[in-house]
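Subject: Structure for your review

Dear colleague,

Please find below the structure that I am handing over to you. My notes on what was found in it follow directly after.

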Amino acid sequence: MEQRLKQYHEEALKGRTNKSMKNMNGLRKFIHKNQNYDFTDRDKTRLFSVVECYFTMFDRSKKDEKSTTQQQDKDEEPVTSFPLIEDCLKVPFFTGKQKSTMLKWYYEMQNDSSPSSSSSSTSASSTSKPPAKKYYDDDGEDDYDENYDDEQ
């Protein structure tokens with residue numbers, strides 16, 4: 001297991017190559033198949049650094065190359081690490097700090113991919129969390145019917 005993680009780590013550190021997307025999808029399958037495996041802290045850290053490498057490679061570099069990407073090959077689907085991060089958030093073996101970092105990346109990618117986001121938006125607004133869901137309807141009025149007691 002440790003040897004396989006080392007291999008994924010070395011492949012991610014090579015940078016963007018023709019096999020990067022294939023390696024990232026292989027990592028997704030590996031994480032899914034081994035989600036119940038008890039990884040050591042060292043292995044968890046190595047696995048997190050691989051995810052971070054792919055996020056930096058595919059999504060952080062897009063911000064710098066956004067203008068050239070729009071001009072080239074509009075037919076190609078953009079490569080993103082969004083599915084990998086989404087899968088990593090679902091597995092139990094990452095620590096809370098690692099998951100919170102991945103959650104920030106997740107929100108960052110969601111805000112970048114939304115059509116309403118503009119290129120002039122600040123970085124603080126691009127990493128903001130979506131509004132919390134409202135689980136109850138509090139309009140300030142009681143739904144208690146005053147005449148309920150009289151009807152019985």
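I begin with Arg28, which is partly exposed because its relative accessible area is 28%, and partly exposed residues fall between the buried limit of under 20% and the exposed limit of over 50%. Please note that the model is a predicted one.

The side chain of Arg28 forms a salt bridge with that of Asp87, at 2.7 Å from N to O. Arg28 belongs to helix H2 (residues 20-33) and Asp87 to helix H5 (residues 82-90), so this pair ties together parts that lie 59 residues apart in sequence.

How many salt bridges does a search of the whole structure find? The search finds 2. Besides the pair just described, the side chains of Glu2 and Arg42 meet in a salt bridge, with 3.9 Å from N to O. This pair also links distant parts of the chain: Glu2 sits in helix H1 (residues 2-13) and Arg42 in helix H3 (residues 41-64), 40 residues apart. With a relative accessible area of 43%, Glu2 is partly exposed, whereas Arg42 counts as exposed at 54% relative accessibility.

Turning to the overall architecture, the protein contains 8 helices and 0 strands. Read from the N terminus, its elements therefore run α-α-α-α-α-α-α-α. Among contacts with a separation of 6 or more, 66% are between residues 24 or more positions apart.

As to burial, 28% of the 152 residues in the protein are buried. The protein exposes about 11,400 Å², and carbon and sulfur atoms supply 46% of that area.

The largest nonpolar core has 27 residues. Which of them touch the most other members? They are Leu27, Ile31, Tyr54, Leu84, Ile85, Phe94 and Met102. Two or more residues of this core come from each of H1, H2, H3, H5 and helix H6 (96-113). H3 gives the largest share, 8 residues.

One of these core residues, Ile85, may merit a look in the viewer. Setting aside its neighbours within four places in sequence, Ile85 is in contact with Val51, Phe55, Met102, Trp105, Tyr106 and Met109. Met102 thus appears both among these contacts and in the list of core residues that touch the most other members.

With kind regards

Terms used: Residues are numbered from 1 along each chain as its sequence is written. This is a predicted model: local features need pLDDT of at least 70, side-chain atom pairs count only at pLDDT 80 or more; totals for chains, interfaces and linings use all residues. Side-chain values use heavy atoms; hydrogens and water are left out. A salt bridge is a side-chain nitrogen of Lys or Arg within 4 Å of a carboxyl oxygen of Asp or Glu. Helices (H or I, at least four residues) and strands (E, at least two) are DSSP runs, numbered from the N terminus. Buried means under 20% relative accessible area, exposed over 50%, partly exposed in between (1.4 Å probe, protein chains only). Contact means heavy atoms within 4.5 Å. Accessible areas come from the Shrake-Rupley method with a 1.4 Å probe; for residues, only the protein chains shown count as cover. A nonpolar core is a set of buried Ala, Val, Leu, Ile, Met, Phe, Trp, Tyr and Cys residues joined through side-chain atoms within 4.5 Å.
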